[in-house]
Amino acid sequence: MVVPQLPSAPTQVAGILSRFTGVQVKDYGGVGGLKTVNVRSLGSEHVGIFLDGIQIENAQNMQVDLGRFSTDMLGLVTLYNGQKTSRLQTAREYAAGAAVYLDTDNYHFFPDGGRVRLKGGSFATVNPSVTWKKELAPFLYLRVNGEFLTSNGKYKYPCFDTTLVRENGDILFLRLEAQLSRWYHRGNWNIHVYTYGSERGFPGPVIRRAQGFPFSAERQADQDLFVQGRWTQDWTDRYATSVRFKYANSYTHYNTHPEKNPMALPYDLHYRQQSAYLSLAQSLILAFPWTVDFATDLQYAGLNSDMGQFVTPRRLTFTGALASKLAWDRFRTAASLVYTGAWDWFKTPSAGGWSGEDSYRDTWMPSLTLYYAPWPWLEVSAFAKRTYRLPSFNDLYYSLMGNARLQPEAAAQFGADVIYSGRAKAWSWALRLSPYYNHVSDKIVAIPTSSQFRWTMLNIGKVDVTGLDVKAEVGYEGTSLGVNTVLRYTYQRALDHSTPGSQTWGNQIPYIPLHSGSIGLTFRWEQWYLNWDTVLTGSRWSRSANTADYYVAPWSTSDVSLTRKFRKYTAGIACKNIFNRSYEIVQGYPMPGFNWMLSVEYNW
Amino acid sequence: MKKAFLLLLCGAFAFCACQKDRVPSKDSTLDGKTVDVSFISTSAQKLFVLNEGGMGSNNATLDFLRFSDGKYITGAFKKMNPEIAAGLGDVGNDIAIHGEEAWIVVNNSGIVEVISAYEETEIAAIKVPTPRNIAFDNTYAYVTSWAGAYVTYGADYSVADSKNPKGQVYRINLNTKKVEGSVEVGYQPEGIACYNGKLYVANSGGIASQLPPTYSYDNTVSVIDAASFKVEKTVEVQVNLKIVYSDGTGNIYVTTLGNYWDIHSGLYMLKAAAPEQVNWVADYVSVSALCGDTVYCIGTDSEYDWSGAPHTYSAWSVTGGTKKALSLTLTETTPYGLAVLDADTFLLGDAGDYFNPGTVSCYYKGTKRWDVTAGVCPGHFALY
């Protein structure tokens, strides 16, 4: 999906992804609330988030908070359920169960200039940003971007039989980025520096709480830095390489502030995660139409903390991928085989010193993709893919529940796509049907042990997912008038098949609705743009015990935005949840009601 | 669970005998699954089961087993108090009966909920920060609390030690249901028992073990003089103490959770007359309960095997410091709470996966008779 660079469009990647079929966004509410995605009922740990082809890593819990990525810099957001088949991918791209691509690397197409944008509205949000791009020398491009946001995060919500205001949900962040790229005959390179600092509160779940005790006084401060880059070179007409690297350093300070909340458990913890990554991708066109790709990645990750009995885990991961593609005009087939091996080492809390016991894990991951377009208006494709996700540091080494003997969690995926599309004069239309079946096995599940205060993680979960994604789109693009309509529907039957005979066997897994969908309408008339979006999510359960106590009501929200361009200026208003519906995506975390945002921007 | 006042459970108290001419309880219309109670001999009317729920999920629930017709009723608090929209609250950590009242400690709600034991209707909701366990004497209810160090009771908070705070015992006037002071004890106090004018408090250090500077568990029992409400003695027992029982004859029992590494869980005994002398009784205690003057324990010697292999549990009892093995073959995988009605009749809460509703099973003369679906983490019992 091309990111609409309209000031009133969603500014968070999570907002865009909620419009994809088969995607469930988990949102804990508010501007600063955690936002993660799962795709086709695979857990968010299986969804790789790639920024310009380089994976955003979180070795601690494998959850990437999509709230931290702004659409300001993005040109394109793409979701791959199967396997992307383009050349010069990193090995990690082949290893991801599903992949979300955030692409920023297209700014060289745009003319020199800059943009200042100011947004503000509900929750006392003030959000200025500035982008500036210049061609420093022929084909040497620089882009810098800065964004600041402050919001008090306050909104009314129904708390049992009363209405309260969400407290301690404020956030402040500053993000600064710079990109430098050079394009030349047969090659290009790019360097991207990203810094992000934030301070936020967590409002906590809505529970019964004695009057006068706050729900939460928890605060978190984050400082993230990364530097990543790419150098791609076509050495001959047939042989090309791409080298990619990344260094990331993220620091988190989490404090429950018991002096402000007598109900808080007193924690004041600091974490620092560092990772380094190097990838070499090679692609060789053996003979038309046969291309072979070979990619090797090496990654180091380490986590430090002042938490008690912390084992300071370190991990070195090697990933190698061999891919082969045959591509004719109307028929394509691609196959890949990935090997991943990860060495862990850690400090044992009792004995001291470093240990690497039980800590080498490796897997093979194959994939096969077929594509056939019998006529220009009909495309048919199918894929089969088996991927694994490594246990996270929390799974393995969390002081009171880790289990160093865990094996990777497996996901087998089978999917097909049938796309019918057409175009006549200013009209275009498309219908896409995507049935799929996923089987997750050795799912990592936390289970208690003989001691109630110590849990362990085991590879015991199994989930069978049968689903269908449907997308229908009709558009008209005239000179002064444009109309586009998109309908999306997702059916997902995701059943817990972990323990035969248990009360949860055969039940729908938590937070996966059987039915969900969305409706999107876009109108353009001269310099006016109008967007309407309705998202519908069916009922779900918050536990795999599908009982009335854990029923989560269906919800729907409608957003509308209006934008007007005036030469170098653009002004817009975006209204969300216009019918002021009360709803929860995650039980205990109410979402905001009606809210709005005004925006103005100046381009030069 | 396994709380100090399980003594009250044990059918030894016949305070229900004088209730024959009462109006029928409003809860008599509540219906549930029928289980076989024909072999249970008790003068009690019902057995309350407190399901903890999951932290942050606001799903603590109160069930009870009615002995008159064998009905197991789930979610009784919500059904009898529909006007309390938030339900019982978040993490039900302890329940004990005092007279005609059931006192329920709702840990993460900061509430000690007092209800009519006769018909589960609310009498009072008392504000106490992170309350854990409860015990009574004739004048007060005593509630252990983890976070008390931050609070001078009232609207204001004052900081005593923001890095590694000690816990408190709050006392609540039984008549007025008002908090009347608190006393500082050790780190993260858990179980409490009252005997002969003294309170015995088990300090766990469960949070202190993860915090600088020492990263260590507490290992002490605080002995409080109830009259002066001051700590009299601090006795070292073993790391990570959990539950205290008084057998009513001068013996105080304390269970420990161990350090999950090389010190195992266990049961220790001290004499009220000379609490400094601590005797180790036995290792491996997963769940325990008091009935009369006897402490019943169920545990496994493979408790630190995290591989997921099934554990084999064994049961034993202790009377006057003397251990006796019991014949009881558990089918449960994750025992979470225990009630002993008499030497033959055990009710066991099984937490299952801790996330979905668990079960309550009844064992009679060593074999399982039935089980019934309870709420999430059925861990605490009280007999009325």
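## A hairpin in chain A

In this predicted model, β12(A) and β13(A) form a hairpin in which two residues separate the strands. A:R186 lies in the turn and has a positive phi of about 70°. The two arms, of which β13 of chain A covers residues 187-201, pair in the antiparallel sense over 14 bridges. Within this pairing, A:F173 has A:S198 in β13(A) as its bridge partner.

Strand β12 of chain A (residues 171-184) is also joined to strand β9 of chain A (residues 140-151), again by antiparallel pairing, here through twelve bridges. A:T150 is matched with A:L172 in β12(A). β12(A) therefore has pairings with both β9(A) and β13(A), given that two strands count as paired when at least two bridges are found between them.

## A mixed sheet in chain A

Chain A also contains an open sheet of four strands, ordered β4-β3-β6-β5, with mixed pairing. The edge positions are taken by β4 (54-55) and β5 (76-80) of chain A; each has a single partner strand, so one side of each is left without a neighbour in the sheet.

At one of these edges, β5(A) pairs with strand β6 of chain A (residues 98-103) in the antiparallel sense over five bridges. A:V77 stands opposite A:L102 in β6(A).

## An antiparallel sheet in chain B

Chain B comprises one helix and 29 strands. Four of its strands make an open sheet in the order β5-β6-β7-β8, and the pairing is antiparallel. Here β5 (92-98) and β8 (122-127) of chain B are the edge strands, and each has a single partner, so one side of each lacks a neighbour in the sheet. From one strand to the next, the twist averages 15°.

In the middle of this order, strand β6 of chain B (residues 101-106) runs antiparallel to strand β7 of chain B (residues 111-116), and six bridges join them. B:V106 is placed opposite B:I111 in β7(B).

## Nonpolar cores and packing

The largest nonpolar core has 103 residues. The residues with the most contacts inside this core are B:L47, B:F48, B:A102, B:I104, B:Y142 and B:V143. Beyond four places in sequence, B:V143 is in contact with residues including B:V105, B:V112, B:V128 and B:P131. B:I134, B:V169, B:Y170 and B:I172 are also among the contacts of B:V143. A second, separate core of 45 residues includes A:L102, A:A295, A:A411 and A:A494. A:L102 is also the residue that stands opposite A:V77 in the mixed sheet.

Of the 384 residues of chain B, 56% count as buried. Among contacts in chain B with a separation of 6 or more, 50% are between residues 24 or more positions apart.

## Confidence

The model scores ipTM 0.88 and pTM 0.89. For chain B the average pLDDT is 88, and 89% of the residues score at least 70. Confidence in chain B is highest in β6(B), at 98, and lowest in strand β12 of chain B (residues 179-184), at a mean of 92.

Two stretches of chain B call for separate mention. Over residues 1-20 of chain B the pLDDT is below 50, and this stretch has 54 contacts in the model beyond near neighbours in sequence. Residues 149-162 of chain B likewise stay under 50 in pLDDT, with 27 contacts beyond four places in sequence.

Definitions and conventions
Residues are numbered from 1 along each chain as its sequence is written. Chains are lettered from A and ligands numbered from 1 in the order in which they are written. This is a predicted model: local features need pLDDT of at least 70, side-chain atom pairs count only at pLDDT 80 or more; totals for chains, interfaces and linings use all residues. Axes are lines fitted to C-alpha atoms, for helices over the stretch in contact, and angles run from 0 to 180 degrees between N-to-C directions. A residue is buried if 20 or more other C-beta atoms lie within 10 Å of its own, exposed if 12 or fewer, and partly exposed in between; C-beta atoms are placed from the backbone. Two residues are in contact if their C-beta atoms, placed from the backbone, lie within 7 Å. pLDDT is the predictor's confidence in each residue, from 0 to 100. A nonpolar core is a set of buried Ala, Val, Leu, Ile, Met, Phe, Trp, Tyr and Cys residues joined through C-beta atoms within 7 Å.
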